Amino acid sequence: LSGLDPAQPYFQGTPTEVRLDKSDADFVDVIHTDTAPTIPNLGFGMSPAIGHLDFYPNGGVEMPGCDKNPISQIVDLDGIWEGTRDFVACNHLRSYKYYSDSILYPDGFLGYACPSYNLFQSGNCFPCPEEGCPNMGHYADKFKDKVKSDFVKLYLNTGEARDFPLWRYKVTVTLSGKSKVRGYVNVALYGSGGNTKQYQITKGTLRPDDTYTAYIDAEINVGEVTKVKFLWNNNWINPTLPKLGAATITVEAGEN
């Protein structure tokens with residue numbers, strides 16, 4: 001059974017006979033996308049973990065792309081009818097959009113087991129453990145025989161619009177140069193599966209020999225990394241033309 005943001009009003013906190021529960025099937029996976037309290041935040045979805053695997057994309061409360069203004073949401077590509085409905089219950093309805101996207105991406109929507117979304121965001125639960133990470137959505141049952149604990153909370157990030165899956169990478173850059181400067185460092189990944197856009201690794205004071213780490217959620221699975229593009233900029237004209245390079249760049253894919 002796959003629960004797509006199971007309802008919170010009249011169901012949350014009720015006995016297991018009333019609501020969705022892991023005892024309802026051999027394998028129950030749940031996608032939580034709208035877990036804010038119903039009063040006063042109008043959250044329609046249940047927040048507690050109730051299945052064998054419980055996925056909380058983007059933390060499970062506010063989905064990217066759902067904070068667009070009403071007009072742009074209603075006059076959406078999907079048309080006025082779907083746009084109006086999405087505006088009223090955008091977070092809640094993301095669950096089925098993620099699920100339908102997951103059918104097309106068997107390697108996408110990896111969920112990282114973690115105590116909280118904040119810890120996941122800061123990289124504490126990266127990379128996947130030895131047994132791998134389950135895929136949120138249609139292919140979650142591939143993980144059925146690997147579930148060890150009572151409840152497993154899994155976190156991941158998604159895109160703002162279709163296509164929704166993102167692939168998580170840890171990028172570590174050690175700088176080289178003669179003097180510290182202010183600015184930002186961007187990195188793009190190139191690989192057998194395609195190339196990413198540039199992602200900001202750090203900004204502020206950049207010191208040669210210092211190491212900077214960032215977790216990026218890329219819009220494609222780059223596959224085997226073949227090249228990394230490094231760019232730094234300080235946004236203003238500097239007559240001394242400071243030079244800064246990357247002594248090393250390490251890329252770690254969350255999947256393996």
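Mentor: Before we begin, two strands count as paired if DSSP finds at least two bridges between them, and please keep in mind that the model in front of us is predicted.

Trainee: With that in mind, in which order do the 3 strands of the open sheet lie?

Mentor: The edge strands, each pairing on one side only, are S10 (211-218) and S12 (244-253). The pairing within this open sheet is antiparallel, and the twist averages 25 degrees from one strand to the next. The order of the strands is therefore, given that pairing means at least two bridges, S10-S6-S12.

Trainee: Which residue of S10 is the bridge partner of Thr174?

Mentor: Strand S6 covers residues 167-177, and S6 and S10 pair in the antiparallel sense over 8 bridges. In S10, the bridge partner of Thr174 is Thr211.

Trainee: Which element gives the most to the largest nonpolar core?

Mentor: This core has 19 residues, and among the members that touch the most others are Tyr169, Val171 and Leu175. Two or more residues come from each of S6, strand S7 (181-191), strand S9 (199-206) and S10. The element that gives the most, with 5 residues, is S6.

Trainee: Leaving aside neighbours within four places in sequence, which residues is Val171 in contact with?

Mentor: In soluble globular proteins, nonpolar side chains tend to be buried together. Val171 is one of the residues that touch the most other members of the largest core. Once the neighbours within four places in sequence are left aside, its contacts are Val187, Leu189, Ile201, Tyr212, Thr213, Ala214, Ile216, Ile249 and Thr250.

Trainee: How many residues form the second, separate core?

Mentor: Its members include Leu53, Met136, Phe143 and Phe164. The number of residues in this second core is 17.

Trainee: Is Asp5 buried or exposed?

Mentor: Asp5 lies in the loop between strand S1 (2-4) and strand S2 (29-31), and its phi is positive, near 45 degrees, although the residue is not a glycine. The relative accessible area of Asp5 is 1%. Because a residue under 20% counts as buried, Asp5 is buried.

Trainee: What is the approximate phi of Phe109?

Mentor: Phe109 sits in the loop between helix H3 (80-104) and strand S4 (112-113), and Phe109 is buried, with a relative accessible area of 1%. Although Phe109 is not a glycine, its phi is positive, at about 60 degrees.

Trainee: Where is Pro127 placed?

Mentor: The peptide bond from Phe126 to Pro127 is cis, with omega near 0 degrees. The place of Pro127 is in the loop between helix H4 (117-121) and strand S5 (153-156).

Conventions:
Residues numbered from 1 in each chain as written. Predicted model: local features only at pLDDT ≥ 70, side-chain atom pairs only at ≥ 80, totals over all residues. Heavy atoms only, no water. Helix = DSSP H or I, 4+ residues; strand = E, 2+ residues; numbered from the N terminus. Axes fitted to C-alpha atoms, helices over the stretch in contact; angles between N-to-C directions. Buried < 20%, exposed > 50% of the residue type's maximum accessible area, 1.4 Å probe, protein only. Core = buried A, V, L, I, M, F, W, Y, C linked by side-chain atoms within 4.5 Å. Contact = heavy atoms within 4.5 Å.
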